[in-house]
Amino acid sequence: MGLLRGAWELLAEAIFPANIYCISCGSMITRDRAYSLCDKCMKDIHWITGRSCSKCGKALNDDYRGSTCYSCMVREHRFVRGISCMTYGLLERQMILDLKYNGKGYLGTVFGEIMADRLAVEGLETDLIIPVPVHKLRKKKRGYNQTQIMAAQLSRISGIPMRAHALIRSRNTALLRSMNPMERESAMKGAFLVPDSEVKYIQGQRVLLIDDIITTGATLDACTDALLGRGAECVYVMTLAAGGNRKPSELQD
């Protein structure tokens, strides 16, 4: 099923190339448009260009008094720092849903370009890119790991090597969006591991962990624990989108 779906997506992309239509609203655009976005959607995306959380990278309002978001005040992360490109609003949500559930795997390449530009601006120095894995059953159904597509494009542009299978998902966890922060942490604990064959590639490395979205950070924390436990020097995280800076009592998926 996954192979057939992947082949159909490649054929569809050849017949209806994505870069002549806005990846958000579908309006026709010229091929030179940045990130295949029309002017309106480029403007409407909530780009994170101002203040951001010094720990996870969520956007902070100018009048917010702290340097870390509400979530990071009450939750300790073992990754060094997070970077995100946009805040997760309605427009951003639909694009990510299209990537993950509506068969638009080609969007991962565009999102990888966005992340590469943001990484260049940040000037963060890392040695290795690792995508957050999906469970093999979910990947078979979807036909691809969307995070791996983003990470591969980021690697191509930045020149930072990628290890696509340095992390594996050891169990098929439930979707997190219906869980509160404590439930998420419990669900993700021990859900990832580094295969013995990959240990030599991550030992002593400054890892850049890639995912599509960060909300509470439970998934990224679990991945970070697995990588540090196998000898990574440190872990940074980068996501396409980040949830809003909401108080802990408001944090739900």
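## The chain at a glance

A residue is called buried here when its relative accessible area is under 20%, exposed when that area is over 50%, and partly exposed in between, using a 1.4 Å probe and protein chains only. By that yardstick, 49% of the 253 residues of the chain count as buried. The model is a predicted one, so to speak of a local feature takes a pLDDT of at least 70 and side-chain atom pairs count only at pLDDT 80 or more, while totals for chains, interfaces and linings use all residues. Residues are numbered from 1 along each chain as its sequence is written, and side-chain values use heavy atoms, with hydrogens and water left out.

The chain has 10 helices and six strands. These are DSSP runs numbered from the N terminus: helices are H or I with at least four residues, and strands are E with at least two. Contact means heavy atoms within 4.5 Å. Among contacts between residues at least 6 apart in sequence, 71% join residues at least 24 apart.

## A parallel sheet

Let's turn to the strands. Four of them make an open sheet with parallel pairing, in the order β1-β6-β5-β2; two strands pair if DSSP finds at least two bridges between them. At the edges are β1 (82–87) and β2 (128–131), each of which pairs on one side only. On average, neighbouring strands of the sheet are turned by 20° against each other, direction ignored.

β1 and β6 (residues 234–242) run parallel and are joined by five bridges, with Ile83 standing opposite Met238 in β6. At the other edge, four bridges join β2 to β5, again in parallel, and Ile130 stands opposite Leu209 in β5. Both faces of β2 are covered: Leu128 and Ile130 are buried on one side, Ile129 and Pro131 on the other.

## Helices on the sheet

Helix α4 (residues 90–101) packs on the sheet and touches β1, β5 (206–214) and β6, its direction making about 110° with that of β1. Axes are lines fitted to C-alpha atoms, for helices over the stretch in contact, and angles run from 0 to 180 degrees between N-to-C directions. Helix α10 (residues 218–229) lies across β2, β5 and β6, running at about 160° to β5.

The expected span of a helix is 1.5 Å times one less than its number of residues. For the 12 residues of α4 that should give 16 Å, and the end C-alpha atoms are indeed 16 Å apart. Buried residues of α4 include Leu91, Met95, Ile96 and Leu99, along with Glu92, Asp98 and Lys100. After α4 comes Gly103, whose phi is positive, near 70°.

## Around Ile210 and α7

Ile210 has its place in strand β5 and counts as buried, at 0% relative accessibility. Leaving aside neighbours within four places in sequence, Ile210 is in contact with Met115, Ile129, Ile130, Pro131, Val132, Thr147, Ala151, Leu154 and Met238. The C-alpha atoms of Ile210 and Pro133 are separated by 9.4 Å, although these two residues are 77 apart along the chain.

Helix α7 (residues 146–158) has Thr147, Ala151 and Leu154 among its buried residues, as well as Gln146, Met150, Ala152, Gln153 and Ser155. What covers them includes α4, α5 (107–122), β2, α6 (136–142), β5 and β6. The 13 residues of α7 should span 18 Å, and its end C-alpha atoms are 19 Å apart, which agrees.

## Aromatic rings

The structure holds two aromatic pairs. Rings of Phe, Tyr and Trp (its six-membered ring) pair if their centres lie within 6.5 Å; planes under 30 degrees apart count as stacked, over 60 as edge-to-face and the rest as tilted. Tyr35 and Trp47 form a tilted pair, 6.1 Å centre to centre with 45° between the planes. Tyr35 is in the loop between α1 (2–15) and α2 (39–44), and Trp47, 12 residues away, is in the loop between α2 and α3 (70–74). Tyr35 counts as buried at 18% relative accessibility, whereas Trp47 is partly exposed at 27%.

In the other pair, Tyr64 and Tyr70 have ring centres 5.3 Å apart and planes at 80°, so the pair is edge-to-face. Tyr64 is buried at 12%, while Tyr70 is partly exposed at 27%. Elsewhere, the charged end of Arg163 sits over the ring of Tyr201, 3.6 Å from its centre; the criterion is that NZ of Lys or CZ of Arg is within 6 Å of the ring centre and within 35 degrees of the ring normal.
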